[in-house]
Amino acid sequence: MEEEKYMRRCISLARNGLQNTSPNPMVGAVIVCDGKIIGEGYHVRCGEAHAEVNAIRSVKDPALLKRSTIYVSLEPCSHYGKTPPCADLIIEKEIPRIVIGCEDPFAKVAGRGIEKLRNAGREVIVGVLEKECQHLIRRFITFHTYKRPYITLKWAESADGFIDKERTNGRPVILSTPLTSMLVHKRRAESDAIIVGTRTARLDDPSLTVRNWYGHNPVRIALDRDLTLPPTLHLFDGSVPTLILTAHQRAQSEQTEYITLNYQTNIIPQLMEILYERNLQSLLVEGGQQLLQTFIDEGLWDEAFVEISTVQLSAGIKAPHIERERESVQSSFFGVQIEHYINKIV
């Protein structure tokens, strides 16, 4: 179909905003006149012009807008935020026909943009490649629908199902390759926040930063119920905003915020509330085994990436258990097997 062809272009354009648009969604727009694309754009960065604005600006002959169709992967906004409403601009430019991929779940939009366009006498079509457009902004939809971040789990395990050897000190067993490590850093750059448990923070001393990929560093989060993590860890180097979840009161320090939780009850719902309040829309759970298993047992995850190493450990810390019958895709990344699981709760 002609409409699907242009909507696929919208989706392709929108993906260029990955890593930069959060907490806004990725959106792409295409303007077509007489069967030809005359303008296109995408939301480049949060706080800057939206996809529709960039598409309209790219049209060399604005007179053509009055007999064009604008395709947009997400419902045009109808409210004033950091930028004016896109629905108003479309009306102002007298674009007669609007084709939309999916409705916006954000409460300040949620159908109001579509209503405004129709009330202005415009022809509006909604739902072209709807599932594909929703998948594009699945993090945004999850956050605004379930009031929690989109949660991705990741770990590497040995060929015989272990993630590490038993140890009280020393470096962890390296199961990832330099190339799969780069892939991990890519996922970090695409996440708003990243979390590890106390044991992982102490023994592995991870930086939890983006070094082997281009992009921003996620907010670092670590569990430290009894404030036992030494101040010499990379987590406390002050380079990245860091949240420490503890059961005790503690004075704040530069770039490090201590948040008191009630560890007598389930801390996961408390964590979800904290992240929602801070508008952190995506969370990457990197370890360790107990923390990963907790999210799995709670059913509180959306995607999981499991790297299967060829290394045999024979003994050690068992990998988290995830139901293998869940929807999954196996792929090979430079010869390394990656299992991608999807938890269908959205």
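Biologist: Which residues line the largest cavity?

Modeller: Keep in mind that we're looking at a predicted model. A search of the whole structure turns up one cavity of 30 Å³ or more, and its volume is about 80 Å³. The lining is made of K154, W155, A156, S176, T180, L183, V184, R187, F305, V306, E307 and I338.

Biologist: And which element gives the most to the lining of that largest cavity?

Modeller: β6, α7 and β13 each put in at least two residues. By class, the lining splits into seven nonpolar, two polar and three charged residues. The top contributor, with four residues, is α7.

Biologist: Staying with α7, is R188 buried or exposed?

Modeller: R188 sits in helix α7, which covers residues 178–189. Leaving aside residues up to four places away in sequence, R188 touches I194, L208, T209, V210, R211, H216, P218, L284 and E286. The cut-off for buried is under 20% relative accessible area. R188 has 7%, so it counts as buried.

Biologist: On to the sheet: what is the order of its nine strands?

Modeller: The sheet is open, and its pairing is mixed. Neighbouring strands are turned by 20° against each other on average, ignoring direction. The order reads β11-β10-β9-β8-β12-β6-β13-β16-β15.

Biologist: Which strands stand at the edges?

Modeller: Look for strands with a single partner, since one side of each is then left without a neighbour in the sheet. That description fits residues 256–260 and residues 328–333. In strand names, the edges are β11 and β15.

Biologist: How many residues of β13 are buried?

Modeller: Strand β13 runs over residues 303–308. In a regular strand the side chains alternate between the two faces of the sheet. Here E303, F305 and E307 point one way, while A304, V306 and I308 point the other way, and all are buried. The count is six of six.

Biologist: Which residue is the bridge partner of T152 in β13?

Modeller: Strands of a sheet pair through backbone hydrogen bonds, either parallel or antiparallel. β6 (residues 150–157) and β13 take the parallel option, over six bridges. In β13, T152 is partnered by E303.

Biologist: And which residue of β16 does A304 stand opposite?

Modeller: β16 covers residues 336–342, and six bridges join it to β13. This pair runs antiparallel. Opposite A304 stands Y341.

Biologist: Over in β9, what does I195 stand opposite?

Modeller: Strand β8 (residues 193–196) and strand β9 (residues 219–223) are joined by four bridges. The two run parallel. Facing I195 in β9 is I221.

Biologist: Which residue follows α6, with a positive phi?

Modeller: Helix α6 spans residues 138–146, and F140, I141, T142, F143 and H144 are buried in it. Their cover includes α5 (130–136), β6 and α9 (267–277). After the helix, with phi near 55°, comes K147.

Biologist: What about α10, which residue follows that helix?

Modeller: In α10 (residues 289–298), the buried residues include L291, L292, Q293, F295 and I296. What covers the buried residues of α10 includes β6, β8, β9, α9 and β12 (282–287). The helix is followed, with a positive phi near 70°, by G299.

Biologist: Now the pockets: which residues lie nearest the centre of the largest pocket?

Modeller: About 1300 Å³ of space lies in this pocket. Elements supplying at least two lining residues each are β6, β7 (162–164), α7, α8 (198–204), α9, β12 and α10. The lining divides into 20 nonpolar, 14 polar and eleven charged residues. Of the 45 lining residues, those nearest the centre are T200, D204, E286, G287 and G288.

Biologist: Where does the largest share of the lining of the second largest pocket come from?

Modeller: This pocket holds about 720 Å³ of space, and its 34 lining residues include L18, M26, L136, R138 and R139 nearest the centre. At least two residues each come from α1 (2–14), α5, α6, α7, β12 and β13. By class there are twelve nonpolar, twelve polar and ten charged residues. The largest share, four residues, comes from α7.

How values were computed: Residues are numbered from 1 along each chain as its sequence is written. Side-chain values use heavy atoms; hydrogens and water are left out. Two strands pair if DSSP finds at least two bridges between them. Axes are lines fitted to C-alpha atoms, for helices over the stretch in contact, and angles run from 0 to 180 degrees between N-to-C directions. Buried means under 20% relative accessible area, exposed over 50%, partly exposed in between (1.4 Å probe, protein chains only). Contact means heavy atoms within 4.5 Å. On a 1 Å grid over the protein atoms alone, a cavity is a set of points where a 1.4 Å probe fits but cannot get out, and a pocket is an open set with protein on both sides within 12 Å along at least five of seven lines; lining residues have an atom within 4 Å of a point. Grid points are joined across faces, edges and corners, and a volume is the space filled by probe spheres set on the points. Ala, Val, Leu, Ile, Met, Phe, Trp, Tyr, Cys and Pro count as nonpolar, Asp, Glu, Lys and Arg as charged, and the others, Gly among them, as polar.
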